[in-house]
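Let's take a walk through this one, helix by helix, with a few stops in the loops. Keep the viewer open and follow along.

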Amino acid sequence: MKRKKICLWAAAFAAATIIGCGENSAYQQARRDLSQEAYEEALQGFETSIEEGDHVAESCRGAGIAQLKLGNYEEAIQYFEQAVSQGGLDRGFQRDVLSYEATAQYKDGQYDQAVDTCESLLKISDQADSYYLAGRAALAVDDYEKAQKYFDQAADKDKKEEMALQIYEAYLEQDMEADGTKYLEQVLAVEARSARDHCERGRIYYYMEDYENAQKELTEAMDRNDSEAMLVMGQVYLAQNDVDSARAMFQEYKEKEEEHMAAGYNGLVLCDLADRDYTSALENVQKGLETAEGDSMQDLLFNEVVVYEKSHDFKTAQEKAEEYLQLFPDDEKMQREKEFLDSRVS
């Protein structure tokens, strides 16, 4: 089970809500398709809308989002550039499109261009997410001083755990964990007042590998009926190779949270992987998928690939990885996994 997902650029994006008229127009249908994550259909609808001259700027934006989600970064960039080239755009729309454009450039490896786009973004935005984007881009071109400056501003404007973890992960990917740890410590410096606060502190201690304090915070959160803390506690037990305790924690979560039991099944899959019981792991994947949606579904499908790979069924793992990437084409970790599987199958 991966933790509650923090997409590389997730905080930077507003929901794809675009105001228009004409309930049955290609544009309106494309909007509905985009909200339902039907990206191919949404792309076709937005392209039709552009050809018809209907909501051109918004349709370019929508087409760019669809291409971004499909992993077609160069095409996405072109649409975002076309969107901002239209006249009469309000500042909020420009900010949103520039955020998407910087993301597409980053994912395409166009780091210098992402830096330039972020600098344009910061001229019209002082939001925490914009500074975070700029920090990521600066870090990618090894401008560490500027990256720290932008991350400091992001953390100052958004003092929540989610932002601190995103910054920490950005540094972690560059093997600069110490630079990212200070942002986690800033969150810990704030007194916990609620069950949610204790859960967040426990999660941070878990990432800092301070398992003793993680357990203290998570126990307090669970005593206050925070069920998500049970999932994090299971991760803490796994990190300490206490598979039996982890399994009991995930099983308890599954029984308590019947409407969200998929996350519990995903935790059981991780326990099965630790025990090298791949038959049980696949059974738990299938049970979890019966009720899974959103992040839980993605986690289960991801770990299904891992199970087949660990059991040396590389062909099936490759096929499952292909299916996964059709649903989540911009998952960089699975992209690397697919490359590995291709090398084992060929």
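Which residues are exposed on the other side of helix 19? They are Arg-336 and Glu-339. Before going further, bear in mind that this is a predicted model, in which local features need pLDDT of at least 70, side-chain atom pairs count only at pLDDT 80 or more, and totals for chains, interfaces and linings use all residues. Residues are numbered from 1 along each chain as its sequence is written, and side-chain values use heavy atoms, with hydrogens and water left out.

Back to helix 19, then. Helices here are DSSP runs (H or I, at least four residues), numbered from the N terminus. Helix 19 takes in residues 332–345, 14 in number, and its first and last C-alpha atoms lie 20 Å apart, close to the expected 20 Å at 1.5 Å a residue. The expected span is 1.5 Å times one less than the number of residues. Its buried residues are Met-334, Glu-337, Lys-338 and Leu-341. Looking down the axis of helix 19, you'd find these buried residues within an arc of 105 degrees, so they line one face of the helix. The arc is taken from the directions that run from the helix axis to the C-beta atoms. As for the cut-offs, buried means under 20% relative accessible area, exposed means over 50%, and partly exposed is in between, using a 1.4 Å probe and protein chains only. An α-helix has 3.6 residues a turn, so residues three or four places apart point the same way.

What covers the buried residues of helix 19? The cover includes helix 17 and helix 18. Helix 17 is worth a stop, since Glu-309 is found there. Glu-309 is buried yet has no salt bridge, and the nearest side chain of opposite charge, that of Lys-310, is 4.5 Å away. A salt bridge needs a side-chain nitrogen of Lys or Arg within 4 Å of a carboxyl oxygen of Asp or Glu. For charge, Lys and Arg count as positive, Asp and Glu as negative, while His and the chain ends are not counted. Setting aside residues up to four places away in sequence, Glu-309 touches Phe-314, Ala-317, Glu-337, Phe-340 and Leu-341, where contact means heavy atoms within 4.5 Å. Two of those names, Glu-337 and Leu-341, should ring a bell from the buried residues of helix 19.

Now slide along to the loop between helix 17 (294–310) and helix 18 (314–327), where His-312 sits. Its phi is near 65 degrees, a positive value in a residue other than glycine. His-312 is exposed, at 59% relative accessible area. Asp-175 offers a similar stop, in the loop between helix 9 (161–173) and helix 10 (177–188). The phi of Asp-175 is positive too, near 55 degrees, and again the residue is not glycine. With 74% relative accessibility, Asp-175 counts as exposed.

While you're around helix 9, find Glu-161, which lies in that helix. Is Glu-161 buried or exposed? Glu-161 is buried, with a relative accessible area of 5%. Beyond its neighbours within four places in sequence, Glu-161 is in contact with Val-187, Glu-200, Arg-203 and Ile-204.

Next, head for helix 2 (residues 39–51). Its 13 residues reach 18 Å from first C-alpha to last, close to the 18 Å expected at 1.5 Å a residue. Here Tyr-39, Ala-42, Leu-43, Gly-45, Phe-46, Ser-49 and Ile-50 are buried. They cover an arc of only 165 degrees around the axis, which puts them on the same side of helix 2. The face turned away from that buried side carries the exposed residues Gln-44 and Glu-51. Among what covers the buried residues of helix 2 are helix 1 (26–35), helix 3 (56–69) and helix 4 (73–84). After helix 2 comes Gly-53, with a positive phi near 70 degrees.

Two last stops. Ala-134, in helix 7 (residues 128–140), is buried at 2% relative accessible area. Ala-134 touches Cys-118, Leu-122 and Tyr-150, leaving out residues up to four places away in sequence. And the cysteines? The structure holds zero disulfides, a disulfide being a pair of cysteine sulfur atoms within 2.5 Å. For Cys-271, the nearest cysteine sulfur is that of Cys-199, 18 Å away. Cys-271 counts as buried, at 0% relative accessibility.

Methods. Helix = DSSP H or I, 4+ residues; strand = E, 2+ residues; numbered from the N terminus.
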